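Student: Could we go through this structure together? I would like to understand how each label is earned.
Tutor: Happily! Here is what we will be looking at.

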Amino acid sequence: MANVAQNLVGNSKQKTYEKPKNRKGTMIRLGKYMMRYIWLLLLALALTIGSNMFSLIGPTLSGYAIDAIEPGAGLVEFDRVFYYAGLMVIFYVISSILSYALSILMIHISRKVVFRMRKDVFDKLLSLPVGYFDTHQTGDIISRISYDIDTINASLSNDLVQILATIITVIGAFSMMVVISPKLVLVFVFTVPLSICMTKLITSRTRPLFRLRSRKLGELNGFVEEMISGQKTLKAYHQEENTIAKFDIKNEEAVESYYRAEYFGSVTGPTVNFINNLSLSLISVFGALLYLAGSMTIGDISSFVLYSRKFSGPINEFANIISEFQSALAAAERVFLLLDELPEPLDARDAKELTHVEGNVRIENVSFGYVEGNPIIKNLNLNADKGKLVAIVGPTGAGKTTLINLLMRFYDVGDGHIYVDNEEISQVTRRSLRKSYAMVLQDTWLFEGSIFDNIAYGRAGATMEEVVAAAKAAKIHSFIKRLPKGYDTILSDDGTNISKGQKQLMTIARAMLLESPMLILDEATSNVDTRTEIQIQQAMRRLMEHKTCFVIAHRLSTIQNADIILVVNHGEIVEQGTHEELMKQKGFYHQLYRAQFE
Amino acid sequence: MKRVLTYYLRPYYLRMCLGFVIKFGGTIMDLCLPWILAHMIDVVIPKNSKKMIFAWGVLMVICAILAWTGNVIANRMASKVARDTTEHVRHDLFSKITYLSNQSTDAFTKPSLISRLTSDTYNLHQMLGRVQRLGVRAPILLIGGILITLTLDPVLTLILVSVLPFIVIVMTTTSRRGIPMYARLQEALDQFVRLVREDIAGIRVIKALSKTDYERERFGKINEEVVKIEKKAGMTMAIVNPSMNFFLNIGLVLVIIAGAYRVNSGLSEVGKILAFMTYFTIILNAMMSISKMFVIISKAVASADRIVAVLDAHDERDLEIMESKAREEEQKQSMIAFDHVSFSYNHVENNLTDISFSIKKGETLGIIGETGSGKSTIVSLLLRFYDATEGTILINGKPIQSLPVEELRKHFGVVFQNDALFEDTITENVRLGRDLTEDQIRQAILYAQAKEFVEDENRGYYDKLNIKGANLSGGQKQRILIARALAAHPDILILDDSSSALDYRTDASLRKELREHFKNTTTVIIAQRISSIMHADHILVLEDGAMIGYGTHEELLLSCPVYQEIGRSQMGIDTEAS
């Protein structure tokens, strides 16, 4: 029962830490998320063009207005000034409205994308083999579904508009400048490639840094989650200071990697700004020369400078966006890595639905190990007919829980076959197979929700009467009744008011509501006191009636009347038979049994 | 938020000032460029001297270089301040959480603490970096731009400035509405964390019951809720940018009209209006980056409040150390004593009522009782996770409130129900950061009956455990936990139902080891099996938080009906079998 799935998760773990280099692939996949909303995106593009066109016309209009003022004192043409001023107001109003509409639209789109992405990640989580979570820190997973997706999202909603706007503005401003003075535009032949080169250089430096930053934050989250979960233990062993010291290392790594990314990333803005300033200087000099040569007016120079500012402003913004965009890409890589994890293998294509299960279980020559070369179960054979009670006993670590994992198909057998009603279980859908079992595990699991919801969990649409009846049978009803809110009491995961034994009784009540033909009890009553256990025994017997039951228990008293008792040791069945038969053998079982009373 | 600004940023005030000055210099250089341009148009060009034009051009390039250097240095300094501040805040927050009293942890809930420590501190970090980088520059550009325009033409500047109040009004009203939305958003994100944690913990049950669709739906609801709040907050914040743009541009139109009158009456020149326009664009860009920061600041304010709420919470380091020696003499020989102790978690209904017992050094106390009868609560009180509502708990004759919490807990080795194993080596899980030798650890592993499987062919002392010890079986986990409790040879050993997954043989050998090697250790064993506690010196029988029996096995068999019943059910089998 030990060594969970290193063969499965071992590979995937390696994959997680392998540094993804495929930036284009990531962008294409991000693009695919956006492409679902292609029409909305086109609308956004139209709005962007519109809003920018209107604000681009602004400088031209103001140029005209200034030309009208230019004649100087006493000669200002007020009609024209007012005409153009009026036009400007109209244009700016429209431009503002359009840009607000655009923001709303982009928020709308990005929310849709994010919703979808979170959903995809969560769906993925539920489809992963159970062993995945034994090697991946919950905190890191949470980091992906919250921080990483948020980063992507911040970039999508702000930056995408900005990038679109930049492209449009740049093209617009550029063509306006060409109209005003084609010669002066030549300045950009020098500066534009320069900015592109610089940006490229910087981004190639920073890309791995952003990746590291996302990963370190994930590690920090993983650590925090693990430590806060074990808070009580750490306190009991006065490990506060040690834990804080360990945290400090993780914290330092996280902030340092953030800093490193920013150290280089924040160069982009000033650099692009510098290149813009450079072009302004060149424009001034050449503009002045052109004016002297008589091929430009002052108004032209003014408009040109304004446009070049229009041109440089967004490029500047763009430079800032680039680092954001890079962190978004790094985050997206982590999200996609999770999405690329291998899920539980799909059901066979012609997999049948198990219906009307009788409950005949047959295990033939089954061998299995989580790690190759370390078999936990060796060549196991077992026939459990309908309604039989099969008990599995043996020292801890002998492979008992592993057998349950195989029956439920949390893992697939290495060799051999398991049949339910003569159907090989790999040939039926997992869903229908699992539905035909009811299961009570040693590790009770209750979620944050009302007691009613928790008990009714396995059976949608259960009525209050049914839930109460199950709770009564599990001897937990009177306890629940005493709670101020009764069945509506909200359970929280660390709830101090409810003991582990009580939680176990609730999960037993949950199982009682299921109408499955087969039942698995893995140390189901280990935390329940024996008095209560005896009290619920009758109900348990009723629960087990007509069902094929697999029971793992240490308290051998609970399994004495089993039809077959399997005694497992080191993955092999060492003895098999009824209680009486095994006691007579005076073998391993006999020893175990006697040990109870020593 | 205030606290972050005053307390956490204070050590960096000087650095921030220096960065500010450097940035200021760089930004001034930026601002010089249009001024030089205006100068060229108005003064240099009319002089018709190409040489002069080139000279001024070179000056512009020099300004550009200085601007670059200043900005890069200042940006890096800003990132450094943001890094150090965040590191400090996170450190304090984590320390606080580790020392947080159980009551406070229960109130905040763990998922919320996790998200405060991660996503909230992240928001803060982002804000600190961004605001220093852009936030210094933008106001400088804004104020500098306005100042320079003032020198160009004060009247026109005043006209432009007259629109600023409108912008301020828009910004304050939006932020007043926006910040609470971001606070709600962070709360919704807590739900997110909670559900993901919960489902990962229960993945086997969810799959076994084929409830994946149901869980998807639950997640979908929370996801929808989060998206709804995000959307609302985003839409509120989105008003700022266009309205700012609008007001400023209206200001510009007013400037042109007023400029026309002033030029007409000879009070101003066209060149000035031209320069004015350039500065205006700078002002506009500055305002735009302010509006971009606006969202980040609002988010960070909401997050900072959540962080501070934890920092201000009650913590175990604040527990008062009571002065008390009065009872020392009379109780000296008892190791643990409960004197009429009552306790209630919710201060409504008692979870423990009037518990009194006393055990001597080296003795063993067994506690047995129904599920939910308050057995584990006794352990919580003993370790002072909670304080008793009434009565006194004494250790070595001293009330536990008179010991510093750390001192108190040093006496103990504990295994809780559902105790935590970490993703680390077996040795480290046993050591748990304490100053223990390799030998002590191996000894403990031996005593705890774990040697056999630890030394298994596929395993070793330095093998890494999976998360929560998932690569061990239930019984193996319990034995590692017991080894952890034994390793330091504690004065008091507490085993809270920690042998439930052990088979009887292992359980019996464990008890034998305890008897032989831990003679001086006072032991408290909580168990379901009567065989685990029947040899204890004292047995406490609990029902509904009250003592209904106290004595030895034999005494209780005679006097306590409940104990008799338990005994009969478990020992009865004995007679039948033999």
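Tutor: Let's begin with a rule: two strands pair if DSSP finds at least two bridges between them. Keep in mind that this is a predicted model.

Student: What makes β4(A) and β5(A) a pair?
Tutor: Strand β5 covers residues 423–424 of chain A, and 2 bridges link β5(A) to β4(A) in the antiparallel sense. The rule asks for at least two bridges, so the pairing qualifies. One of the bridge partners of β4(A) and β5(A) can be named: A:Y419 is matched with A:E424.

Student: What lies between β4(A) and β5(A)?
Tutor: There are 2 residues between them, and the two strands form a hairpin. In the turn, A:D421 has a positive phi of about 50°.

Student: Which strand pairs with β4(A) through 5 bridges?
Tutor: That is β1(A), residues 361–368, which runs antiparallel to β4(A), residues 415–420. In this pairing A:V361 stands opposite A:V420.

Student: Now chain B, please. How do you know that β9(B) and β10(B) are paired?
Tutor: Count the bridges again: 5 of them join β9(B), residues 538–543, to β10(B), residues 546–551. At least two are required, so these antiparallel strands count as a pair. B:V541 stands opposite B:G549, and B:L542 has B:M547 as its bridge partner. The two strands also form a hairpin with 2 residues between them, where B:D544 in the turn has a positive phi of about 50°.

Student: Which strand pairs with β9(B) in the parallel sense?
Tutor: That is β3(B), residues 364–369, joined to β9(B) by 5 bridges. Among the partners, B:L365 is matched with B:H538.

Student: Why is β9(B) called mostly covered?
Tutor: A residue is buried if 20 or more other C-beta atoms lie within 10 Å of its own. In β9(B), 5 of the 6 residues are buried, so the strand is described as mostly covered.

Student: Let's turn to helices. Why are α7(A) and α9(A) called roughly antiparallel?
Tutor: The axes of α7(A), residues 182–229, and α9(A), residues 240–265, cross at roughly 160° and come within 8 Å. Angles over 145 degrees count as roughly antiparallel, so the label fits α7(A) and α9(A). Their crossing is left-handed. The residues of this contact divide into 13 nonpolar, 5 polar and 7 charged.

Student: How do you know that α7(B) and α9(B) are roughly antiparallel?
Tutor: Helix α7(B) spans residues 164–201 and α9(B) spans residues 212–237; their axes come within 9 Å and cross at roughly 165°. The cut-off is 145 degrees, and the angle is over it, so these helices are roughly antiparallel. α7(B) passes α9(B) in a left-handed crossing, and the contact residues divide into 13 nonpolar, 4 polar and 8 charged.

Student: What makes residues of chain A and chain B count as being in contact?
Tutor: Two residues are in contact if their C-beta atoms lie within 7 Å. By that test, 150 residues of chain A are in contact with 153 residues of chain B. On the chain A side, helix α4(A), residues 78–127, gives the most, with 21 residues. The chain A side divides into 71 nonpolar, 53 polar and 26 charged residues.

Terms used:
Residues are numbered from 1 along each chain as its sequence is written. Chains are lettered from A and ligands numbered from 1 in the order in which they are written. This is a predicted model: local features need pLDDT of at least 70, side-chain atom pairs count only at pLDDT 80 or more; totals for chains, interfaces and linings use all residues. Helices (H or I, at least four residues) and strands (E, at least two) are DSSP runs, numbered from the N terminus. Axes are lines fitted to C-alpha atoms, for helices over the stretch in contact, and angles run from 0 to 180 degrees between N-to-C directions. Angles under 35 degrees count as roughly parallel, over 145 as roughly antiparallel, 65 to 115 as roughly perpendicular and the rest as oblique. A crossing is left-handed if the near helix is turned anticlockwise from the far one by less than a right angle, and right-handed if clockwise. Ala, Val, Leu, Ile, Met, Phe, Trp, Tyr, Cys and Pro count as nonpolar, Asp, Glu, Lys and Arg as charged, and the others, Gly among them, as polar. A residue is buried if 20 or more other C-beta atoms lie within 10 Å of its own, exposed if 12 or fewer, and partly exposed in between; C-beta atoms are placed from the backbone.
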